[in-house]
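User: Hey, got a minute to walk me through a structure? I'd like the quick tour before I set anything up.

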Amino acid sequence: MKIKKKIPLIDQANKLGFWGGKFGGNYVPETLKKPIEDLETQFNKLKKDKKFIAERDKYFKNWVGTPTRFIKLENLTNHVGGAQIWSKVVSDANGGAHKIYNATVHCLLAKRSGKKFIIGDTGAGYAGKMLSMAAKKFGLKCKIFMGAKDIARQQPNVKAMKKNGAEVVPVYSGSQTLVDAVSECMRFWVANCDTTAMCVGSTVGPAVFVRICGWSTSQISRELKIQLIEEFGSIPKKLKLYNCVGGGSSSFGFWNEFMDYDKKQCEFIGVEAGGPAKSKKHAAPLTYGSKIGILHGAAQYVNQNSDGQIEETESISAGLDYPGISPLHCFLKDTKRARYTAASDEDALSAYKTVTKFEKLRPSLEPSHAFSVAIKEAKKLNKDTIVVVNSCGDAYKDREILKKRLGKKYVEPN
Amino acid sequence: MLNPISLVFKKAKKENRAALLTYTVAGDSSKKQSLDILKSISKDADILELGVPHNTPVADGSQIQTSAYRAIKNGIRMNDIFKIVKNFKKSNKDKPIILMGYFNMIFQYGENKFLNKCNSSGVNGLIVVDLPWPENKIFAKKCKKKSIYFIQLLSPTTTTRRLKKIIRDSHPMNYFISMLSTTGGKLKVSPNDILKNYTKIKKIDPKKEIVIGFGITEKTIGKLKSADGLVVGSAICKEISRSLKHRQNPVTNVSKLVKKLKNKLL
């Protein structure tokens, strides 16, 4: 299994949609074969279409807001006393997280294909919030599927979705989290694929959804590459890119443009959700060696029992609380291009405390996982190493959890 | 020896009627009860589809989901399902059984080991909801070697070109999904339109048996009886849930329902 150079990773899948011959694919009901094929044809054509790219860039620039900031965390760097710690503040993007890129592209595609409805899944509520924003912007009716447990713990985003005119459909089956939301969304699509477009909220699902999402979030690394060159004159000799990994959309987008660099120069570190320190449950299939299985249309490493039933996950971060992982990351793991590790709920909370103590930055619980590992590792490195953490979400949505776990003072603006 | 599935269709043709296929979830609501249901409904049903419950079913509506979650909660495992089939076949050697489920369960068991186990327990056919053509080509060939029918699913969204290719590669029985829906949806297309699609598919290769499923209930089954076979699933699962709720015996109630369904085809 090998990564090819000079070919975008999203285009390295084989004819049946498998990366490395075994991750991804299209394990879907027959009814979805045609709509998926249609979407593939449309996407393959449009991603080469200069007009379409110009349209995407126009909305990214004027509506999403590009580029998001690339800043040095001076105080944190001094506190840690090792490598330079920087952050790509992707939460600057309209709506407060990277999910806006994928949502915008899906709405543009839906518009072009004449669809009037769009549906999507959400965990932390960001994918849903952004899809509701984009749908409103492009005049599409929008329905968001969200686990009942997540609705309870991510209220600010639920309110935002409703405000944007989206219908939020609570999902009560299974663990009532993201995994069930994606299943329910796919079921709805099976029954309504003639009139409705589906947006999968991360680099998961049938191959074309993995590709569209990866193509969209790659905006992050396109910007970062330019910003690094502006700042350092060239890509630094020792660059380490830390990102949380749930489904894997922000991390893939954060790394994509650096894929062809030697990993000794540009290292990718993915941080999964290890769950509560005292719990056996987690959302870290790559770190804890889960077996390959099929979830939501794609073969991937996934938490499951020996029969193949998908196992319940547990994480303080709704956005990472998913038993599977993008086929792209499975491929990056097996080719050893990226390194994966996990941070516990407690690690993430502690990192949130540290970051907010020293910086005017409030990473949500998802990127707090990445900060946790970045801070620990930066200590052992010297100042020639450039550590960049993708702060891909804003903590506003986590107010209630932070208040409960850390106390009121951590939710006040700093 | 001819697969019992083909024999059943032959027999039904002779009687000038559609074959009745039932779907129940293995282990719903318990291992014993699901076996009892199979034994009892086999008097009237021609082919028994036995669902392999999965906890992330992307094509099942709420009735079958409820049955599947109930079965999983009550502890059903893959090997129990084979045991149910084996026990059933002890007294019903010629009644065809089709396992229907999602590919991950087969993948985890191991394709070859799974098929061997199907053979030794008496499974006659397989429907794998999320293993469409052409992804299923290799697995379907393996099934054929073991004399197990791999049943292809066809949908209203399947293009004519694709239909032809799938049917060319298919085994003697295929399954036409009546409408765009998960299982158990309300029939939102007229029976006439469903039959029009059915006829179109049938013409591609008249020798292949085509059964129609999704949205078929006591009310709608009669209007579709010109098909080779009709599948009722969610209505049966719903009856099990209803019986449990009212503390009635699901075995008796489901058997009564299946008898009524059969009468509509006579």
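Analyst: Sure. One term before we start: two strands pair if DSSP finds at least two bridges between them. Also keep in mind that this is a predicted model.

User: OK, so which residue stands opposite B:Leu230 of β9(B)?

Analyst: That's B:Ile212. The strands there are β8 (residues 209–213) and β9 (residues 229–232) of chain B, which run parallel and are joined by 2 bridges.

User: What's the strand order in the sheet of chain B?

Analyst: The order is β5-β4-β3-β2-β1-β9-β8-β7-β6, an open sheet of 9 strands with parallel pairing. At the edges you find β5 (149–150) and β6 (152–154) of chain B; each has a single partner strand, so one side of each has no neighbour in the sheet.

User: And chain B overall? How many helices and strands does it have?

Analyst: Chain B has 11 helices and 9 strands. The C-alpha trace of chain B spans about 45 × 40 × 35 Å along its principal axes.

User: How does the radius of gyration of chain B sit against a compact globule?

Analyst: It agrees: chain B has 17 Å, and a compact globule with 266 residues would have a value near 18 Å. As for burial, 54% of the 266 residues of chain B count as buried. If you take contacts in chain B between residues at least 6 apart in sequence, 72% of them join residues at least 24 apart.

User: Same rundown for chain A, please.

Analyst: Chain A comes to 15 helices and 14 strands. Its radius of gyration is 19 Å, close to the 22 Å from the globule rule for 414 residues, so chain A is as compact as a globular protein of that length. The C-alpha trace of chain A spans about 55 × 45 × 45 Å along its principal axes.

User: What share of chain A counts as buried?

Analyst: Of its 414 residues, 61%. For contacts in chain A between residues at least 6 apart in sequence, 75% join residues at least 24 apart.

User: Where do the domains of chain A run?

Analyst: Domain 1 of chain A covers 32–59 + 99–214, and domain 2 covers 65–96 + 218–411. Their C-alpha centres lie 23 Å apart.

User: How many residues are in contact between domain 1 and domain 2 of chain A?

Analyst: 32 residues of domain 1 are in contact with 33 residues of domain 2. On the domain 1 side, the elements giving two or more residues are α4 (99–112), α5 (126–138), α6 (148–153), α7 (155–163), α8 and α9 (207–217) of chain A. α8(A) gives the most there, with 5 residues. By class, that side of domain 1 has 16 nonpolar, 13 polar and 3 charged residues.

User: Now the contact between the chains. How many residues does each of chain A and chain B put in?

Analyst: Chain A puts in 32 residues and chain B puts in 30 residues. On the chain A side, α1 (33–46), α8 (178–192) and β11 (292–295) each supply at least two residues. α8(A) gives the most to that side, with 7 residues. So α8(A) is the top contributor to the chain A side that touches chain B, and also to the domain 1 side that touches domain 2 of chain A.

User: Nice. What's the class breakdown on the side of chain A that touches chain B?

Analyst: 13 nonpolar, 13 polar and 6 charged residues.

User: Back to β11(A). What does β11(A) pair with?

Analyst: β11(A) pairs with strand β12 (residues 298–301) of chain A in the antiparallel sense, over 4 bridges. A:Leu295 has A:Ala298 as its bridge partner in β12(A). The two strands form a hairpin with 2 residues between them, and A:His296 in the turn has a positive phi of about 50 degrees.

User: Last bit: is α14(A) mostly covered or uncovered?

Analyst: Mostly covered, with 12 of its 15 residues buried. Among them are A:Phe371, A:Val373 and A:Ile375, along with A:Glu366 and A:His369. The helix runs over residues 365–379, and its end C-alpha atoms are 21 Å apart, which agrees with the 21 Å expected at 1.5 Å a residue.

User: And A:Arg405, why does A:Arg405 count as partly exposed?

Analyst: Because A:Arg405 has 16 C-beta neighbours inside 10 Å, and a residue needs 20 or more to be buried, or 12 or fewer to be exposed. A:Arg405 lies in helix α15 (residues 399–406) of chain A. A:Arg405 and A:Glu346 are 59 residues apart in sequence, with their C-alpha atoms 9.5 Å apart in space.

Key: Residues numbered from 1 in each chain as written. Chains lettered and ligands numbered in written order. Predicted model: local features only at pLDDT ≥ 70, side-chain atom pairs only at ≥ 80, totals over all residues. Contact = placed C-beta atoms within 7 Å. Nonpolar A, V, L, I, M, F, W, Y, C, P; charged D, E, K, R; others polar. Rg over C-alpha atoms; globule rule 2.2 N^0.38 Å. Expected span 1.5 Å × (residues − 1). Domains from an automatic or database assignment.
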